[in-house]
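Please find below a colleague's note for someone meeting this structure for the first time.

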Amino acid sequence: MTSLVLLDHDGSAIKQPARSAVAAARLLGEVHVLVAGHGVQAAAAAAAKLPGVARVLVADAPVFDHLLAEPVAALLVSLAPAYSHLLAAAGADGKSVMPRVAALLDVQPITEVAAVVAPDTFVRPIYAGNALATVKSADARLVLTVRAASFDPVPADGGNAPIEAVPDTDMPSPGRFISAELSKSERPELTAARVVISGGRGMQSAENFKLLDAIADKLGAAVGASRAAVDAGFVPNDFQVGQTGKIVAPELYIAVGISGAIQHLAGMKDSKVIVAINKDEEAPIFQVADYGLVADLFIALPELAAELERS
Amino acid sequence: MKILVPVKRVVDYNVKVRVKSDGTGVETAGVKMSMNPFDEIAVEEAVRLKEKGIATEVVAVSMGSAACAETIRTALAVGADRGILVETDVELQPLAVARLLQALVDREQPLLVILGKQAIDDDMGATGQMLAAMLGWPQGTFASKLVVEGGTITVTREVDGGMETVALPLPAVVTADLRLNEPRYASLPNIMRARKKPIETVKPADLGVDPTPRLTVLKVVEPPRRQAGKKLGSVAELVAKLRTEAKVI
């Protein structure tokens, strides 16, 4: 059995969620990876170094420049006959592309895989993580998206796989990329950060998120937010942690002014250590927090920044 | 232009779901059911396009038991024109739903299908993309804004690092994200009016589709519970614990 993993990359490095997808694929047998894009030779070289990867396929053509779902899905379908499983991390690209691939192969996809039980049997969360379903597929070929937070990523270095170009990259692309507005940040990405500090409605304003920035800078943390904070317009939607946002599982998650709605907990409850700072001692977030601090965040955050400074 | 809007009947998002003690699924008997929240956003967007004079007709489709007619009525009450119920007792998975929708699209010939980006019960997030693939149409997933002009729909998408805008030739499939709009509430007169709007009932066999599920659910369990930890007295104590006990900073 051989799997093909569609890798998320930034043109040069392989993103951490994609390395988690490779880790999941290694549980299924031999692993090949696909790097698609335009001008992606550096990313292909990075992919070749992933431990456990037997072969790197590169589809380097203008049509893949922005990884639009239509050409990328067509590419995966053209490669599918050689593979038992097709996988991608359950990020925006994987979620968009993989069900399209599945439909073209007449397969029911299995999304957000959180554990591999057998080559045809997987565990995935349902109802915002309030239940875990074990599902077995009757399809001959499987199409999966992988919940990155559930699989420790393979290291970025250690392998030495051969790289080969995909011969046919002439895929149709009816859609046209217009523009991207990506948040610029020196901080680590939410889904890859070792520490995440998130703010909720209790932050009260966009301006007050600077209090979190100060602590994030000291801890090398990513900054996240609850849906309430996003809906209130304090931060952009790509900050959102939760059922409909990003799923994170850092070493340390600090929830500030977040009450702990089910939808938010679904996105962060697999974190190793959870800290909650909230002035309402009845807030549900304290039921999942390893360390709770019942405090006014406008007093606690500057204190925390000062305390972290002190060492 | 006609718009097709598939809507799913799901356990209401305010209900705390319980896993059945026999591990076969979650308890749905006697539980409040509602339209999937993302589908409410899809209906709202379709109705707004009609109010702007861009769409001429909005057709709401739901699939499952006869009770799904209620979900269609909800769509009719906020402005959809008519409904189609695909009635079946078979558990429908996204592959079957997309096949049934494909058959309805062939019959109805809409230029646009708008649906929620995921259903909050199975959290699968697949139907829209699958339908687009089967029809050979482009897709605009996780839409936070859409503009229809001439034969093109411009979709702003929520992606990992921010937002991306793509232009798709119509016909196309769009899946709605949270920020696309804020759905309206149905007024009482509109709820009354919705009762008079037509709902057609068809069976999967009428559409030539075999809805047999490909996935078997072996078991459903509750996730491991996290234990509540300690409440600490001060920031200094918190930092000390994180350094010496948890060793994460």
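**Note on the structure**

1. The buried residues of helix H1 in chain A are A:Pro17, A:Ala18, A:Arg19, A:Ser20, A:Ala21, A:Val22, A:Ala23, A:Ala24 and A:Ala25, where buried means that 20 or more other C-beta atoms, placed from the backbone, lie within 10 Å of the residue's own. H1(A), residues 16-26, is thus mostly covered, with nine of its eleven residues buried. Helices (H or I, at least four residues) and strands (E, at least two) are DSSP runs, numbered from the N terminus.

2. This is a predicted model, in which local features need pLDDT of at least 70 and side-chain atom pairs count only at pLDDT 80 or more, while totals for chains, interfaces and linings use all residues. Residues are numbered from 1 along each chain as its sequence is written, and chains are lettered from A and ligands numbered from 1 in the order in which they are written.

3. An open sheet of six strands, with parallel pairing, follows the order S13(A)-S12(A)-S14(A)-S15(A)-S16(A)-S13(B); two strands pair if DSSP finds at least two bridges between them. Strand S13 (222-225) of chain A and strand S13 (230-232) of chain B stand at the edges with a single partner strand each, so one side of each has no neighbour in the sheet.

4. Strand S12 (residues 195-199) of chain A is joined to S13(A) by four bridges, and A:Ile197 has A:Val223 as its bridge partner there.

5. Between the chains, strand S11 (residues 176-182) of chain A runs antiparallel to S9(B), joined by six bridges, and A:Glu181 has B:Met163 as its bridge partner.

Conventions:
A residue is buried if 20 or more other C-beta atoms lie within 10 Å of its own, exposed if 12 or fewer, and partly exposed in between; C-beta atoms are placed from the backbone.
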